[in-house]
Amino acid sequence: MSEIPKNDTAQSLFGVFAGIHSLALPRTTVSPPFEGLLGAYYTKLVTQSGQDPDWFVGHAPRTAETVLDLCCGGGRTAVAFARSGRRVTAVDRSALQIAAAEKHGAEEGFAGQVDWVTADVTGLDLGRTFDVVVIAGLSLTLFEKDARTALLRVIRRHLAPGGQLLLDHTPARPDESATEQVLTLPVALGDRRGFVLLGAQRLPAERRQFTNMYAEIMDAAGNTERHLTGFTFRVDSSDTLAHELARFGLSVRDRYPDLHAVPSAGPTPFASRELVVAEALPEGHGRG
Ligand SMILES: C[S@@+](CC[C@H](N)C(=O)[O-])C[C@H]1O[C@@H](n2cnc3c(N)ncnc32)[C@H](O)[C@@H]1O
């Protein structure tokens, strides 16, 4: 039996995914979030789920010329902003995601219009400001504690006065109860075939949603490889999030429900997203 490496991923596994992990089956790779085969698959999945990057573009000020996309992943949002004529800088710490994003940008004909940066966003200092900072795909909710504080400071530092932050999250509803759901999705990779189990355990009382993925992929000779990953989204009410942003000098202006998502097909199987637009208040506001 193969030894399954322990890393933070294992901490966020629930139910059937924790059970599979404990079996320590051969040819199993446990990957950090957004890395490995499931990291490459993630962008495809998000796109399939109806999370339309133009949702963000449509809520950005028309006059905005420069955009910073934090945690850009496979570049969907950055490329959508480039298509709308904006000059975009897009940052992700994953070389795998940045490579996918660059490829996507080039395929769409925007190779020169986006600056792709491989970096940890919590320590980012580009030495300039932007009209819009966008952090999409629930990415803000991946950050906790010191990392979240650092990220909110980075966001504020990179916004021009009056600039706007666009983000999405899955707000906790009043009296929302805990839920768990697992979907089975087919996967085809060249001549390899298999499936991904995509699961989410949402625990609003604990302000957490665990999102897990497990894939079994078989090649033409019948050899099976297994991939397991998991990560945790923080779940806040809209008001809690607005109060937190205010501490960092970011004042919520508007909130929009997602009317187009296909909830059964994406990484947030049963929670609807909300897009939040916050404005950077003049220096001196906020205590964060
Ligand atoms: C949920 S995905 C969203 C990707 C993209 N924004 C989208 O909507 O498709 C989160 C992304 O955040 C990146 N990420 C996580 N922590 C990061 C960090 N500390 N610095 C930079 N990128 C990070 C991951 O590599 C991943 O690509």
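**Exercise 1. Which residue of β9 is the bridge partner of Q201?**

Solution. Keep in mind that you are working with a predicted model.

Step 1. Look at the two strands, β8 (192-203) and β9 (208-218). They pair in the antiparallel sense, with 11 bridges.

Step 2. Find Q201 and look across to β9: its bridge partner there is F210.

Step 3. Follow the chain through the turn. β8 and β9 form a hairpin with 4 residues between them.

**Exercise 2. Describe what lies on the other side of β9, and say how well the strand is covered.**

Solution. Step 1. The next strand is β10 (224-234). It runs antiparallel to β9, and 11 bridges join the two.

Step 2. Pick out one pair as a check: E216 stands opposite R226 in β10.

Step 3. Look at the turn. This is a hairpin with 5 residues between the strands, and G222 in the turn has a positive phi of about 90°.

Step 4. Now for the cover. Of the 11 residues in β9, 8 are buried, so the strand is mostly covered, where buried means 20 or more other C-beta atoms within 10 Å.

**Exercise 3. Compare R27, E206 and R207: where does each one sit, and is each buried, partly exposed or exposed?**

Solution. Step 1. Begin with R27, in the loop between α2 (15-23) and β1 (28-30). Its phi is positive, about 55°, although R27 is not a glycine.

Step 2. Count the neighbours of R27. There are 12 other C-beta atoms within 10 Å, so R27 is exposed; the cut-off for exposed is 12 or fewer.

Step 3. Move to R207, which lies in the loop between β8 and β9. R207 is another residue other than glycine with a positive phi, near 60°.

Step 4. Count again. R207 has 15 other C-beta atoms within 10 Å and is therefore partly exposed.

Step 5. Finish with E206, found in the loop between β8 and β9. With 11 other C-beta atoms within 10 Å, E206 is exposed. As a ruler exercise, try E206 and E244: they are 38 residues apart along the chain, and their C-alpha atoms are separated by 17 Å.

**Exercise 4. Check the length of helix α7 and find what covers its buried residues.**

Solution. Step 1. Helix α7 covers residues 145-157, which makes 13 residues. From its first C-alpha to its last it reaches 19 Å, close to the 18 Å expected at 1.5 Å a residue.

Step 2. List the buried residues of α7: L151, L152, V154, I155 and R156.

Step 3. Here is a rule to try on that list. An α-helix has 3.6 residues a turn, so residues three or four places apart point the same way.

Step 4. Look for the cover. It includes the strands β5 (130-135), β6 (159-169), β11 (250-257) and β12 (274-280).

Step 5. See how some of these strands join up. β6 and β12 pair in the antiparallel sense over 6 bridges, and L166 stands opposite V277 in β12. β11 and β12 also pair in the antiparallel sense, over 7 bridges; there, S251 stands opposite E279 in β12.

**Exercise 5. Split the chain into domains and describe how they touch.**

Solution. Step 1. The domain assignment gives domain 1 (8-46 + 174-234) and domain 2 (50-171 + 235-280).

Step 2. Take the centres over C-alpha atoms: 24 Å separate them.

Step 3. Count the contacts. In domain 1, 21 residues are in contact with 22 residues of domain 2.

Step 4. Ask which elements of domain 1 take part. α3, β7 (179-189), β8, β9 and β10 each supply at least two residues of the side that touches domain 2. α3 gives the most, with 5 residues.

Step 5. Sort this side of domain 1 by class: it has 10 nonpolar, 6 polar and 5 charged residues.

**Exercise 6. Describe the shell of residues around the ligand.**

Solution. Step 1. There are 21 residues around the ligand, and C71, G73, R93, S94 and G137 come nearest.

Step 2. Sort the shell by class: 8 nonpolar, 9 polar and 4 charged.

Step 3. Trace the shell back to helices. α3 (36-48) and α5 (76-83) each supply at least two residues.

Step 4. Trace it back to domains as well. The shell draws at least three residues from each of domain 1 and domain 2.

Methods. Residues are numbered from 1 along each chain as its sequence is written. This is a predicted model: local features need pLDDT of at least 70, side-chain atom pairs count only at pLDDT 80 or more; totals for chains, interfaces and linings use all residues. A residue is near a molecule or strand if its C-beta atom, placed from the backbone, lies within 6 Å of it. Ala, Val, Leu, Ile, Met, Phe, Trp, Tyr, Cys and Pro count as nonpolar, Asp, Glu, Lys and Arg as charged, and the others, Gly among them, as polar. Domain bounds come from an automatic or database domain assignment. The expected span of a helix is 1.5 Å times one less than its number of residues. Two residues are in contact if their C-beta atoms, placed from the backbone, lie within 7 Å. Two strands pair if DSSP finds at least two bridges between them.
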